[in-house]
Amino acid sequence: MTQEFLRWLERIFRKTKDGAEQFRWERVESLPDVLQEKRLYLIGDDDCMWAAAMVCPCGCRSTIHLSLAPDSRPTWRVRRHRNGTVSLLPSVWRTVGCRSHFVLYKGRIVWCRDMPFS
C-alpha cells in the first residue's frame, strides 16, 4: 500500500503547477520561541534528530509536535530533499483543536480528506 500511496502523491503533484511556497526544513538544537510558517523544525543534535515541530498548516497557528524516535509510538519519518523541501510520513492527524489530517510530501500539504485510501 505504501508504494501505491506514493504513486498517488506523485500523480497529484505532477498535475499541480501552482507557485505556492513549499515547506522547508531547519535543524535546531531546541525549538525557537516563535515558529515560522511553512517550516519543519528538526530537533536534535549532530548525532540524532528525536523530534519535529511545525505550525499547523490549516491556519489555526497551533504548534504540532512529532516524535522521530523509532522506538516510540506514534513515530514519523522525515526525508530531506536536495532542493530544501521535506517529506513527513505517515500522515499527521490532529485529534484535538482543528482536527487537521494531512501528509507533508515534497514540501507540499496533501489534505487527507481527498485521499482515496481513507
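**Surface and burial**

I started with the surface. The protein's accessible surface comes to about 7700 Å². Carbon and sulfur atoms hold 48% of that. I note here that I am working from a predicted model. Next I looked up burial. Of the 118 residues in the protein, 36% are buried.

**Layout**

I went through the secondary structure. I find 1 helix and 8 strands. The order along the sequence is α-β-β-β-β-β-β-β-β. I then checked contacts between residues at least 6 apart in sequence. Of these, 36% join residues at least 24 apart.

**The sheet**

I traced one sheet. It is open and has 4 strands, in the order β1-β2-β3-β4. Its pairing is mixed. Which strands stand at the edges? They are β1 (24–28) and β4. Each has a single partner strand, so one side of each lacks a neighbour in the sheet. I also looked up the twist. Neighbouring strands of this sheet are turned by 25 degrees against each other on average, direction ignored.

I took a closer look at one pair. β1 and β2 run in the parallel sense, paired over 5 bridges. Glu 26 stands opposite Tyr 41 in β2.

**Cores**

I turned to the nonpolar cores. The largest has 15 residues. Leu 40, Ile 64, Leu 66 and Val 92 have the most contacts inside it. Which elements give two or more residues to this core? I list β2 (39–44), β3 (49–55), β4 (63–67), β6 (86–93) and β7 (101–105). The largest share, 3 residues, comes from β6.

I followed Leu 66 outward, leaving out residues up to four places away in sequence. Leu 66 touches Trp 50, Ala 51 and Ala 52. Leu 66 also touches Trp 76, Leu 88 and Val 92.

Apart from the largest core lies another, of 7 residues. Among them are Leu 35, Tyr 41, Ile 43 and Val 55. I had already met Tyr 41 in the sheet, opposite Glu 26.

**Cysteines**

I checked for disulfides. The count comes to 0. Why is Cys 58 not bonded to Cys 98? Cys 98 holds the closest cysteine sulfur, but the distance is 3.5 Å, which is too far for a bond. The cut-off I applied is within 2.5 Å.

Is Cys 58 buried or exposed? Cys 58 is partly exposed, with a relative accessible area of 36%. I looked up Cys 112 as well. Cys 112 is buried, at a relative accessible area of 3%.

Methods
Residues are numbered from 1 along each chain as its sequence is written. This is a predicted model: local features need pLDDT of at least 70, side-chain atom pairs count only at pLDDT 80 or more; totals for chains, interfaces and linings use all residues. Side-chain values use heavy atoms; hydrogens and water are left out. Buried means under 20% relative accessible area, exposed over 50%, partly exposed in between (1.4 Å probe, protein chains only). Contact means heavy atoms within 4.5 Å. Accessible areas come from the Shrake-Rupley method with a 1.4 Å probe; for residues, only the protein chains shown count as cover. A nonpolar core is a set of buried Ala, Val, Leu, Ile, Met, Phe, Trp, Tyr and Cys residues joined through side-chain atoms within 4.5 Å. Two strands pair if DSSP finds at least two bridges between them. Axes are lines fitted to C-alpha atoms, for helices over the stretch in contact, and angles run from 0 to 180 degrees between N-to-C directions.
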